[in-house]
Amino acid sequence: GGIFCDGLSTMSSATIDGCRISDNTGGFGGGIFASVDCVINDCTIENNVALASGGGIYCLSSQNTITNCTVKDNTAASEGGGIYSFGFGELLISGCTITGNTCQDDGEGGGAGIRGYLGDTIIIDCTISDNTAANVGGGIMTSSTTTISGA
């Protein structure tokens with residue numbers, strides 16, 4: 001997709017600040033794929049497509065913080081139209097707007113806005129609206145320890 005932060009290289013962390021990531025296509029993570037600890041701050045992630053999961057952002061087994069971002073109008077063929085977190089890391093989403101995202105899989109897919117699988121998902125003071133899943137979890141779908149406050 002747009003940005004690929006890979007833990008297999010020498011990269012151990014990444015910071016993405018004040019960026020607009022739009023109109024990209026990738027297998028996992030149409031807008032951003034992160035398998036390292038990643039901080040995403042004050043960004044707009046929109047109109048990206050994942051051929052599998054994580055239309056806007058895909059986080060893999062790492063510590064990720066997404067703050068004051070707009071994640072909108074992204075599409076995933078399977079799960080996590082806006083944001084997908086997989087593995088034993090932690091995903092903290094704070095002060096974000098997650099809207100208009102879609103996941104198209106009518107099988108086990110879901111979580112058009114946010115999909116958390118395994119690790120911890122923490123959502124604080126976010127607006128999650130107008131997301132559409134073909135199956136379950138239009139707004140949020142988790143199979144992990146999840147904390148939601150002020151949302």
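**A friendly tour of one cavity and several paired strands**

Reader: Which residue has its backbone oxygen 2.9 Å from a polar atom of the side chain of Thr99?
Author: Good place to start, and keep in mind that this is a predicted model. Thr99 sits in strand β14, which covers residues 97-99. A polar atom of the Thr99 side chain lies 2.9 Å from a backbone oxygen, and that oxygen belongs to Ser129.

Reader: Is Thr99 buried or exposed?
Author: Leaving aside neighbours within four places in sequence, Thr99 is in contact with Val71, Lys72, Asp73, Ser129, Asp130 and Asn131. Its relative accessible area is 18%. Buried means under 20%. Therefore Thr99, at 18%, counts as buried.

Reader: How many cavities of 30 Å³ or more does a search of the whole structure find?
Author: The largest cavity holds about 30 Å³ of space. Its lining includes Cys59, Leu60, Asn64, Phe86 and Glu90. For cavities of 30 Å³ or more, the search of the whole structure gives a count of one.

Reader: Which strand gives the largest share of the lining of that largest cavity?
Author: Two strands, β9 (57-60) and β13 (83-94), each supply at least two lining residues. The lining divides into three nonpolar, six polar and one charged residue. The largest share is five residues, and they come from β13.

Reader: How many bridges join β9 to β13?
Author: These two strands run parallel. One place to see them side by side is Ile57, which stands opposite Ile83 in β13. The number of bridges joining β9 to β13 is four.

Reader: What is the bridge partner of Ile93 in β16?
Author: Let's follow β13 through its pairings. Strand β10 (residues 63-67) pairs with β13 in the parallel sense over five bridges, and there Ile66 has Ile93 as its bridge partner. β13 also pairs in the parallel sense with strand β16 (residues 114-124), over 10 bridges. In β16, the partner of Ile93 is Ile123.

Reader: Which strands are the edges of the open sheet of five strands?
Author: The sheet is ordered β4-β8-β12-β15-β18, with parallel pairing. An edge strand here pairs on one side only. That description fits β4 (25-26) and β18 (132-133).

Reader: Which residue in β8 does Gly26 stand opposite?
Author: Strand β8 spans residues 49-50. It pairs with β4 in the parallel sense over two bridges. Opposite Gly26 in β8 stands Ala50.

Reader: Which side chain makes a polar contact with the side chain of Ser144?
Author: Ser144 has its place in strand β19 (residues 140-149). Not counting residues up to four places away in sequence, it touches Gly116, Tyr117, Leu118, Gly119 and Thr121. A polar atom of the Ser144 side chain also lies 3.2 Å from the backbone oxygen of Gly119. The side-chain to side-chain polar contact, at 3.3 Å, is with Thr121.

Reader: Is Ser144 buried or exposed?
Author: The relative accessible area of Ser144 is 17%. The cut-off for buried is under 20%. So Ser144, at 17%, is buried.

Reader: What distance separates the C-alpha atoms of Ser144 and Ile93?
Author: We met Ile93 earlier as the partner of Ile123 in β16. Along the chain, Ser144 and Ile93 are 51 residues apart. In space, their C-alpha atoms are separated by 15 Å.

Note on methods:
Residues numbered from 1 in each chain as written. Predicted model: local features only at pLDDT ≥ 70, side-chain atom pairs only at ≥ 80, totals over all residues. Heavy atoms only, no water. 1 Å grid on protein atoms, 1.4 Å probe; cavity = no way out; pocket = protein on both sides within 12 Å on 5 of 7 lines; lining within 4 Å. Points joined across faces, edges and corners; volume = space filled by probe spheres on them. Nonpolar A, V, L, I, M, F, W, Y, C, P; charged D, E, K, R; others polar. Buried < 20%, exposed > 50% of the residue type's maximum accessible area, 1.4 Å probe, protein only. Polar contact = N/O pair within 3.5 Å; in protein donor to acceptor, adjacent residues only side chain to side chain. Contact = heavy atoms within 4.5 Å. Pairing = 2+ DSSP bridges.
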